[in-house]
Amino acid sequence: MAKVKIGDVEYKLESLTALDLKKLNKEKEDKKISDYDQTFTIYLYAIKKFNDNVKMSLEEFMDSFPLSGMQKKMKEINEITGINFTQPKKIS
C-alpha cells in the first residue's frame, strides 16, 4: 500500500474503484458542491477509505493541505488512487 504525507501526517492509499466514483458523483449531485470541493472530497474519501482512524471533516482536511507544493501532492495522490482530473485536449 502506498503512502502520502499531507501536512505532518502520513496516510495509506490505494487505487479507488469505479464504485467509489459512482458514490462520490451521487454525493456531488445531492449536495451541489463545486468542482474544487469535489476534488478534495475525493481525496478525503480515499484517505478515509484506507485509514480507519481518520475522522476529519472536509474543512479540516482542506485546512491541513498546504498550498506550498500542492500540485506535486495532488499529482502524487492522483497517481496512487488512479484519478485523472486532466481533460484531453480538443483538436480543432
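The face of helix α4 that is turned away from its buried side carries the exposed residues Gln-71, Lys-72, Lys-75 and Glu-79. This description, like all that follows, refers to a predicted model. In the same helix, Met-70, Lys-73, Met-74, Ile-77, Asn-78, Ile-80 and Thr-81 are buried. These buried residues lie on the same side of α4, because the arc they cover around the axis is only 165 degrees. Their packing partners are β1 (2–6), β2 (9–13) and α2 (35–50).

The length of α4 can be checked against its residue count. Helix α4 comprises 12 residues, 70–81, and at 1.5 Å a residue it should span 16 Å; its end C-alpha atoms are 16 Å apart, so the expected and modelled values agree. After the helix comes Gly-82, which has a positive phi, near 85 degrees.

One residue of α4 illustrates the buried side in detail. Ile-77 belongs to this helix, and its relative accessible area is 1%; a residue counts as buried when that value is under 20%, and therefore Ile-77 is buried. When neighbours within four places in sequence are set aside, Ile-77 is in contact with Val-4, Ile-6, Leu-13, Tyr-43 and Phe-65. For one of these partners, Leu-13, the separation along the chain is 64 residues, while the C-alpha atoms of Ile-77 and Leu-13 are separated by 8.0 Å.

From this helix the view may be widened to the whole chain. The protein chain contains 4 helices and 2 strands, and along the sequence these elements follow the pattern β-β-α-α-α-α. Of its 92 residues, 33% count as buried. Among contacts with a separation of 6 or more, 58% are between residues 24 or more positions apart. The accessible surface of the chain comes to about 6700 Å², and carbon and sulfur atoms account for 52% of that area.

The interior is best approached through its largest nonpolar core, which has 22 residues; Leu-13, Phe-61 and Phe-65 have the most contacts inside it. At least two residues of this core are supplied by each of β1, β2, α2 and α4. Helix α2 provides the largest share, with 7 residues. Phe-61, leaving out residues up to four places away in sequence, touches Ile-6, Phe-40, Tyr-43, Leu-44, Ile-47 and Met-56.

Helix α2 itself has 16 residues and reaches 23 Å from its first C-alpha to its last, close to the 22 Å expected at 1.5 Å a residue. Its buried residues are Gln-38, Thr-39, Phe-40, Thr-41, Ile-42, Tyr-43, Leu-44, Ala-46, Ile-47 and Phe-50. One of them, Ile-42, lies in α2 and has a relative accessibility of 7%, which means that Ile-42 falls under the 20% limit for a buried residue. The C-alpha atoms of Ile-42 and Leu-21 are separated by 8.3 Å, although the two residues are 21 residues apart along the chain.

Finally, the confidence of the prediction should be considered. The protein chain has an average pLDDT of 85, and 86% of the residues score at least 70. Confidence is highest in β2, at 93, and lowest in helix α1 (residues 18–31), where the mean is 77. Where pLDDT is low, the predicted coordinates should not be read in detail.

How values were computed:
Residues numbered from 1 in each chain as written. Predicted model: local features only at pLDDT ≥ 70, side-chain atom pairs only at ≥ 80, totals over all residues. Heavy atoms only, no water. Expected span 1.5 Å × (residues − 1). Buried < 20%, exposed > 50% of the residue type's maximum accessible area, 1.4 Å probe, protein only. Arc of directions from axis to C-beta. Contact = heavy atoms within 4.5 Å. Areas by Shrake-Rupley, 256 points an atom, 1.4 Å probe, with all protein chains shown as cover. pLDDT = per-residue confidence, 0-100. Core = buried A, V, L, I, M, F, W, Y, C linked by side-chain atoms within 4.5 Å.
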